[in-house]
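Biologist: I have a protein model open and I don't know how to read it. Could you walk me through some features?

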Amino acid sequence: MRPNTFDRPPLSRGRLRTLLLSGVTALALVCGLLLAWPDRAGAAADPLISRGKPATASSTESSSLGAKNAFDGDPATRWASAEGKDPQWIRVDLGARATVTRVRLTWEAAYAKAYRVELSDDGAAWTPLATESAGNGGVDDWTGLSGKGRYLRVQGTARGTAYGYSLFEAEVYGTVETGPPPGGAFTVVAAGDIAAQCTSSDSGCAHPKTAALARQIDPKFYLTMGDNQYDDARLSDFRAYYDKSWGAFKAKTRPVPGNHETYDPAGPLAGYKSYFGSIAYPQGKSWYSYDEGNWHFIALDSNSFDQAAQIDWLKADLAANAKRCVAAYWHHPLFSSGGHGNDPVSKPVWKILYAAKADLVLGGHDHHYERFAPQDPEGRATADGIVEIVGGMGGAEPYPIEEVQPNSQKRISGPYGVVKLDFTDSGYGWTYVATDGQVKDTSPKYSCH
């Protein structure tokens, strides 16, 4: 077991270390230097913007040494990574894009000899803000910085000890941007195949973990691509399982049903309709549409694609749409490399969407993550095609990849997670984020048709 303290080399570097000054002359000298060095003096005056914000890390030594401890303002608590492994990171979500001018790191005995402080707008692409190559622990106070991003990460690349990385506090100073994001941008979290019949008391239960991740991202709203509740989607099951995790943000959720919602002994979709109410039936049917920014979203019930009422409604809805960009989602994907494979039930709907120049389709059913290049309803790659995402990793047991389909660009089976979609007035892109906070896949950036 690692001791809490041990002898360190003396703090010999003058670069922004915690200084012990004595005497009025020394204090006056420091004040004079600060006045003559406006960038650093000004940075110190910026407010602390990281206190209590959501934090994640690449690993933790134990459950009591989690990432949040580095941002709680308590000098007695700390984050500690797994021992003996490089690299390791800890990151904080500042809640919105911010200008960062100062970062103060208070290391425990297990410090970083080399590390980078980085910023990101999306948690996927990172820009260096500060770099240390000869750290010796103690306090590193980086001031006079100038960088912008929503997420800040300390990426340890070389340990200063045989142990891990450990921070008592990581303090970020600056200013958080206010007002709507530029270009009509907004974020959506999506997942399908969610609530197995288990709760957070079971360490192997995944849907509370994907719910925690989804809530931490804090999107404009949430999409679910069916099979929200297993096995038969009774109302009692929704209340006992789904409601204890993803139910925390039910009011911001835009769901669709899957095949498991049809198994309810009380009748197909009975528990689903009772639980979600008008959230899932805003237009009186199990399919509906809504707008956000320059996007038109269409939520469909793939259990009833054979019903003329839904198909006629879809055609009329697309004809009335005035938005440039169109996304649709339902449960059974037309294309999938998973165990269920391609589902032809969706092909007539794809044809209608393709003719209307829709941009994006999301599905679930197969319990893996997959993204496809733009293609037409016949599966032919084309620049004006529809992009499809299979996102069935919300909490149900993973399915293996069976037969890789043409135009499949990326497949992940195993790590549970959510799809974090970033929309603008003219395009979109996304990342697949696992429950450990790591980005497992990043899509290309697409423009709307």
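Modeller: Sure. Let's start with a term: contact means heavy atoms within 4.5 Å. Keep in mind that this is a predicted model.

Biologist: Okay, let's use that on a helix. Which residues of helix α3 are buried?

Modeller: Buried means under 20% relative accessible area. In α3, residues 207-217, the buried ones are H207, P208, T210, A211, L213, A214 and I217. Now apply the contact idea: the cover over those buried residues includes β7 (147-159), β9, β10 (221-225), β19 and β20 (427-434).

Biologist: And what happens just after α3?

Modeller: General idea first: most residues other than glycine have a negative phi, and most peptide bonds are trans. D218, just after α3, has a positive phi of about 55°, although D218 is not a glycine. D218 sits in the loop between α3 and β10 and is partly exposed, at a relative accessible area of 47%. D227 also isn't a glycine, and its phi is positive at about 50°. You'll find D227 in the loop between β10 and α4, and with 2% relative accessibility D227 counts as buried.

Biologist: You mentioned trans peptide bonds. Where is there a cis peptide bond?

Modeller: One joins D86 and P87, with omega at about -10°. P87 belongs to the loop between β2 (79-80) and β3 (88-107). A cis bond also joins Y230 and D231, where omega is about -5°. D231 is in the loop between β10 and α4 (235-240).

Biologist: What does H260 touch?

Modeller: Leaving out residues up to four places away in sequence, H260 touches D227, Q229, Y230, D231, D232 and A233. So there you meet D227, Y230 and D231 again. H260 itself lies in the loop between β11 (253-256) and α5 (270-276), and it is buried, with a relative accessible area of 16%.

Biologist: Back to helices. How can I check the length of α6?

Modeller: Count 1.5 Å a residue: the 13 residues of α6 (308-320) should span 18 Å, and the end C-alpha atoms are 18 Å apart, which agrees.

Biologist: Which residues of α6 are buried, and where do they sit around the axis?

Modeller: A helix rule helps here: an α-helix has 3.6 residues a turn, so residues three or four places apart point the same way. In α6 the buried residues are Q310, I311, L314, D317 and L318. They cover an arc of only 125° around the axis, which puts them on the same side of α6. On the face turned away from that buried side are the exposed residues A308, A319 and A320.

Biologist: What do the buried residues of α6 pack against?

Modeller: Against β12 (288-292), β13 (295-299), β14 (325-329) and α7 (347-355). For a close-up, pick I298, in strand β13. I298 is buried, with a relative accessible area of 0%. Among the residues I298 touches are L314, D317 and L318, plus V326 and L353.

Biologist: How do I read a pair of strands such as β4 and β5?

Modeller: Look at the direction and the bridges. β4 (112-120) and β5 (127-132) run antiparallel and are joined by five bridges. Y115 stands opposite E132 in β5. The two strands form a hairpin with six residues between them, and G123 in the turn has a positive phi of about 75°.

Biologist: Now the rings. How many aromatic pairs are there?

Modeller: The structure holds 31. In one of them, F186 and F423 are stacked, at 5.2 Å centre to centre with 25° between the planes. This pair links distant parts of the chain: F186 is in β9 (186-191) and F423 in β19 (417-423), 237 residues apart. Both F186 and F423 are buried. Ring pairs also link F186 and F423 into a cluster with F221, Y288, Y290, W295, F297, Y428, W430 and Y446.

Biologist: Which charged residue lies over the face of Y275?

Modeller: K250, at 4.0 Å from the ring centre. In another case, the charged end of R91 sits over the ring of Y151, 5.1 Å from its centre.

Note on methods. Residues are numbered from 1 along each chain as its sequence is written. This is a predicted model: local features need pLDDT of at least 70, side-chain atom pairs count only at pLDDT 80 or more; totals for chains, interfaces and linings use all residues. Side-chain values use heavy atoms; hydrogens and water are left out. Rings of Phe, Tyr and Trp (its six-membered ring) pair if their centres lie within 6.5 Å; planes under 30 degrees apart count as stacked, over 60 as edge-to-face and the rest as tilted. Helices (H or I, at least four residues) and strands (E, at least two) are DSSP runs, numbered from the N terminus. Buried means under 20% relative accessible area, exposed over 50%, partly exposed in between (1.4 Å probe, protein chains only). A charge sits over a ring if NZ of Lys or CZ of Arg is within 6 Å of the ring centre and within 35 degrees of the ring normal. Two strands pair if DSSP finds at least two bridges between them. The expected span of a helix is 1.5 Å times one less than its number of residues. The arc is that of the directions from the helix axis to the C-beta atoms.
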